[in-house]
Amino acid sequence: MWFFIMAELLAFGVFFISYAFTRAHHVELFNATQATLNRVSGAINTLVLITGSYFVVRAVEAIRHGHGVVCARWLWAGVASGAVFAVVKLFEFADKIGAGINLSTNTFYMFYLSLTFFHFLHVLLGMIILAACAIKAQRGGYSDTDHAGVETGASYWHMVDLVWIVLFPLVYVLH
C-alpha cells in the first residue's frame, strides 16, 4: 500500500509542479480566472476533509483497543465526511459546467478541472476503502492485534487529505 500511496503522491506532485511552472508563465490569466472560483466551498471542503481525518484517527484508536463496533462508527463518519466533500465538489463542477467552462476554456481551468477531478476520484476511492474497512470491523474482522487493514485504509485517507491541503491553497488561494 505504501508503494501505491507514494506513487499517488508522486503523480500529484508532478501535477503541482506543472501547475506552478505554467502559472509562472501566465500570471495574469491565472489570477483573473482563479478569482472566479468559490473559495468558500473550497474552505468548507478543507474543513470537511480534516474532520474526516479526525474521525479516521479515532477509528484506528478504537480498533487498537479492540473496539470493532466503535471503529466502524468512526469509519462511517469518515465516509460521511467524504460524501459531504463530494456533494460540495459536485455543486462546484455543475456551476462551472453550467457556465460553459470545460478543459479547453483556458489553461487555468484545464489545471483546475483536471486536478480537482483527479482528487475527487481519490476521495471516492477513499470512501470505498473506508466503507470496506467499516463493514469488516463491524463484523469483527479486526482485533486489537490484527488491524493492519484499518491502518492501511486510514493511511490512504490521510494521503487524500494531505493532497487537498496542498491543492486548495495552490489552486484557490495563492497568487
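Modeller: A helix here is a DSSP run of H or I of at least four residues, numbered from the N terminus. The model under discussion is predicted.

Colleague: In which helix is Leu 125 found?

Modeller: Leu 125 belongs to helix H5, which covers residues 107–138. His 119 lies in H5 as well.

Colleague: What makes Leu 125 partly exposed, and what makes His 119 buried?

Modeller: Buried means under 20% relative accessible area and exposed means over 50%, with partly exposed in between. Leu 125 has 34% relative accessibility, and therefore counts as partly exposed. His 119 has 0%, and so it counts as buried.

Colleague: Which residues does His 119 touch, leaving aside those up to four places away in sequence?

Modeller: Contact requires heavy atoms within 4.5 Å. By that rule His 119 touches Phe 12, Leu 49, Phe 85, Val 160, Val 163, Trp 164 and Leu 167. As for Asp 161, its C-alpha is 9.5 Å from that of His 119, and the two residues are 42 apart in sequence.

Colleague: Which residues form a nonpolar patch on the surface together with Leu 125?

Modeller: Met 1, Phe 4 and Ile 128 join Leu 125 in the patch, and together the four have about 350 Å² of accessible area. A patch member needs over 30% relative accessible area, and Leu 125 stands at 34%.

Colleague: How do you know how many disulfides there are?

Modeller: A disulfide is a pair of cysteine sulfur atoms within 2.5 Å. The count by this rule is zero. Cys 71 is in no disulfide, its nearest cysteine sulfur being that of Cys 133, 7.8 Å away. Seen from Cys 133, the closest cysteine sulfur is in Cys 71, and 7.8 Å is too far for a bond.

Colleague: Are Cys 71 and Cys 133 buried or exposed, and why?

Modeller: Cys 71 is buried because its relative accessible area is 0%. Cys 133, at 6% relative accessibility, therefore counts as buried too.

Colleague: How does the reach of helix H4 stand against its expected span?

Modeller: H4 comprises residues 68–98, 31 residues in total. The expected span is 1.5 Å times one less than the number of residues, giving 45 Å, and the first-to-last C-alpha reach of 44 Å is close to that. Just after H4, Gly 100 adopts a positive phi of about 80 degrees.

Colleague: How many helices and strands are there in the protein?

Modeller: The protein has six helices and zero strands. Of its 175 residues, 45% are buried.

How values were computed: Residues numbered from 1 in each chain as written. Predicted model: local features only at pLDDT ≥ 70, side-chain atom pairs only at ≥ 80, totals over all residues. Heavy atoms only, no water. Patch = residues over 30% accessible without salt bridge, like charges linked within 9 Å, V, L, I, M, F, W, Y side chains within 5 Å. Areas by Shrake-Rupley, 256 points an atom, 1.4 Å probe, with all protein chains shown as cover. Salt bridge = Lys/Arg side-chain N within 4 Å of Asp/Glu carboxyl O. Helix = DSSP H or I, 4+ residues; strand = E, 2+ residues; numbered from the N terminus. Buried < 20%, exposed > 50% of the residue type's maximum accessible area, 1.4 Å probe, protein only.
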